[in-house]
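Work through the following exercises with the sequence and the coordinates side by side. Each task is followed by a solution that proceeds step by step.

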Amino acid sequence: MEDTLQTPQSLSRRALRLMRLTTGIRMLLLFALFCAARAGLCALELPTAGTVVLCVGAGYCLLDFLLLPRLRYRRYRYLLAQDRLEISEGVLFQKRTVVPVDRIHQIEISSGPLDRLCRLARVEVTTAGGTAVLGFLEEEQAAAVAEGLHTRLKTRLSRPGEADDV
């Protein structure tokens, strides 16, 4: 059977917006912790140390907010081939997940409140070995990926000898 590979797909600009939003929320919470650390150090009569902690924390939060979403967006790719789904993601450490189509047990489309705010969804593919998540897809794109996986799975399982169970 000929493998009809497509080129790896990148994400829409909405995905970058969601990545910025989630990073911003995480950085606000982290900055609040730095503020609490500063208050604790000031209570211990170490105001200089508290100011240093707050400044370093603010710098880290700002750099992380400005750089991380863009790098994450650029590195996130997925490939829906005839026999597998590949997901590649990560900033410093690249993670590549390969899910053989004939090992898929369940395909689910989900979205949280922030996903819905940006009109995005994620496809969760469950196998006997675990779950792979293809996130940051536009709602229509997620439905198309889920339908494509379902169609490929039905096609492979309908052919005798193609997908022998181990």
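A residue counts as buried under 20% relative accessible area, as exposed over 50%, and as partly exposed in between. The model to which this is applied here is a predicted one.

**Exercise 1.** Determine whether P47 is buried, partly exposed or exposed, and describe its surroundings.

*Solution.* Begin with the secondary structure: P47 belongs to helix α2, which comprises residues 47-75. Next, take the relative accessibility of P47, which is 44%, so that the residue is classed as partly exposed. Then look for contacts beyond the residues up to four places away in sequence, which for P47 gives L41 and C42. Finally, compare P47 with E89, which follows 42 residues along the chain: their C-alpha atoms are separated by 41 Å.

**Exercise 2.** Describe the fold order and the overall dimensions of the protein.

*Solution.* First count the elements, which are four helices and six strands, and then read them along the sequence to obtain the pattern α-α-β-β-β-β-α-β-β-α. For the dimensions, the C-alpha atoms fill a box of roughly 75 × 35 × 25 Å along the principal axes. The radius of gyration is 21 Å, whereas a compact globule of 166 residues would have a value near 15 Å. Turning to the surface, the protein exposes about 10,100 Å², of which carbon and sulfur atoms supply 60%, while 33% of its 166 residues count as buried. Lastly, among contacts with a separation of 6 or more, 54% are between residues 24 or more positions apart.

**Exercise 3.** Identify which residues touch the most other members of the largest nonpolar core, and follow one of them through its contacts.

*Solution.* The largest nonpolar core holds 27 residues, and those touching the most other members are L11, L85, L134, L137 and L149. Two or more residues of this core come from each of α1 (13-43), β1 (77-80), β2 (84-89), β5 (120-127), β6 (130-138) and α4 (139-158). As a general background, nonpolar side chains tend to be buried together in soluble globular proteins. Now take L137 and leave aside its neighbours within four places in sequence: L137 is then in contact with L11, Y78, R119, L120, A121, V123, A142 and V145.

**Exercise 4.** Relate the annotated domain to the model by stating which residues it covers and how much helix and strand the span contains.

*Solution.* The unreviewed UniProt entry carries the annotation "domain: YdbS-like PH" for residues 73-147. In the model, this span is 23% helix and 53% strand, and its end C-alpha atoms lie 24 Å apart.

Definitions and conventions. Residues are numbered from 1 along each chain as its sequence is written. This is a predicted model: local features need pLDDT of at least 70, side-chain atom pairs count only at pLDDT 80 or more; totals for chains, interfaces and linings use all residues. Side-chain values use heavy atoms; hydrogens and water are left out. UniProt positions are given in the numbering used here, feature names are shortened, and annotations may be inferred rather than shown by experiment. A nonpolar core is a set of buried Ala, Val, Leu, Ile, Met, Phe, Trp, Tyr and Cys residues joined through side-chain atoms within 4.5 Å. Buried means under 20% relative accessible area, exposed over 50%, partly exposed in between (1.4 Å probe, protein chains only). Contact means heavy atoms within 4.5 Å. The radius of gyration is taken over C-alpha atoms; the globule rule is 2.2 Å times the number of residues to the power 0.38. Accessible areas come from the Shrake-Rupley method with a 1.4 Å probe; for residues, only the protein chains shown count as cover.
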